Amino acid sequence: MKKIIIALLLLVVAFSLFAEQVSVRKAMLLSAIVPGWGQTYASSYTKGGFYFATEIGIYLSWMRLKQETDWASAAYKDYAENIVNAPQDSDKEYYQLIQDNFSSDAYNASVERYARNVYPIIKNDPEGYEEYLEKYKVPEEYSWDWENNKNWNRYKDLRYTKQNYEVYENFAVAALLINRLVSAVDAAVTAKKVNRN
């Protein structure tokens, strides 16, 4: 029995002495795929756990921010629908237009002023004038009027809230990429240390 145990111990020692070195490239690749995986491959389990936990934390934050962005987007669309009867199927340019202008009448008046100054006078193009108005004036079904600055400012605040969440969402994505990069570099350093030892 003692001989079997001694033989097994000798085999373990022999395998550890002649084991292949830890691949630096493989460690980097593994950590680029899943942060912490390269450290685990190089037998640095604490570091591996740290990078993996960081990845999970950032990913959960990104998921939450994405949900907040969706809620904020729904909030300003619902508000615009309730206050100025903005159609829910409108594109983002329309929502930006009603943010930038108090009413469709005021916006259409500015379109007409611009067209009057450019097409009949400068370009001498009456047909172009009509085409420009047709293209840029807001039709009746998309008209709006905020009625007072309180309503208009509330809508702007809701839009800014949504835009802020989008910025935070982008920061979270950047943090995910940075975590992968740092983890990959650290995995390479860890693998080199293991090979030196």
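This is a chat between a biologist and a modeller about a predicted protein model.

Biologist: Before we start, what kind of model is this, and how are its residues numbered?

Modeller: The model is predicted, so local features need pLDDT of at least 70 and side-chain atom pairs count only at pLDDT 80 or more, while totals for chains, interfaces and linings use all residues. Residues are numbered from 1 along each chain as its sequence is written, and side-chain values use heavy atoms, with hydrogens and water left out.

Biologist: Okay, how many helices and strands are there?

Modeller: The protein has eight helices and zero strands, where helices (H or I, at least four residues) and strands (E, at least two) are DSSP runs numbered from the N terminus.

Biologist: And what percentage of the residues is buried?

Modeller: Of the 197 residues in the protein, 33% are buried, and buried means under 20% relative accessible area, exposed means over 50%, and partly exposed lies in between, with a 1.4 Å probe and protein chains only.

Biologist: Where does G36 sit, and is it buried or exposed?

Modeller: G36 is in the loop between α2 (24–33) and α3 (37–41), and with a relative accessible area of 3% G36 is buried. The C-alpha atoms of G36 and F52 are 5.0 Å apart, although these residues are separated by 16 residues along the chain.

Biologist: Switching topic, how many aromatic pairs are there?

Modeller: A search of the whole structure gives 13 aromatic pairs, counting rings of Phe, Tyr and Trp (its six-membered ring) whose centres lie within 6.5 Å, with planes under 30 degrees apart called stacked, over 60 edge-to-face and the rest tilted. For Y76 and Y155 the ring centres are 6.0 Å apart and the planes stand at 85°, so this pair is edge-to-face.

Biologist: Which helices do Y76 and Y155 come from?

Modeller: Y76 belongs to helix α4 (residues 45–84) and Y155 to helix α8 (residues 149–196), so the pair ties together parts that are 79 residues apart in sequence. Both Y76 and Y155 are buried, and they belong to one aromatic cluster together with Y79, Y94, Y95, Y142, W144 and W146.

Biologist: What about salt bridges, how many are there?

Modeller: The count comes to five salt bridges, a salt bridge being a side-chain nitrogen of Lys or Arg within 4 Å of a carboxyl oxygen of Asp or Glu. One of them joins E68 and R64 at 2.8 Å, N to O, and both residues lie in helix α4, four residues apart, about one turn of the helix. E68 is buried at 18% relative accessible area, whereas R64 is partly exposed at 48%.

Biologist: Which parts does the salt bridge between K137 and E112 tie together?

Modeller: The side chains of K137 and E112 meet at 2.7 Å, N to O, and K137 lies in the loop between α7 (126–136) and α8 while E112 lies in helix α6, so the pair ties together parts that are 25 residues apart in sequence. K137 is partly exposed at 30% relative accessibility, and E112 is also partly exposed, at 25%.

Biologist: Last one, which salt bridge does K162 form?

Modeller: K162 forms a salt bridge with E166, their closest N and O atoms being 2.7 Å apart, and the two residues are four residues apart in helix α8, about one helical turn. K162 is buried, with a relative accessible area of 14%, and E166 is partly exposed, with 32%.
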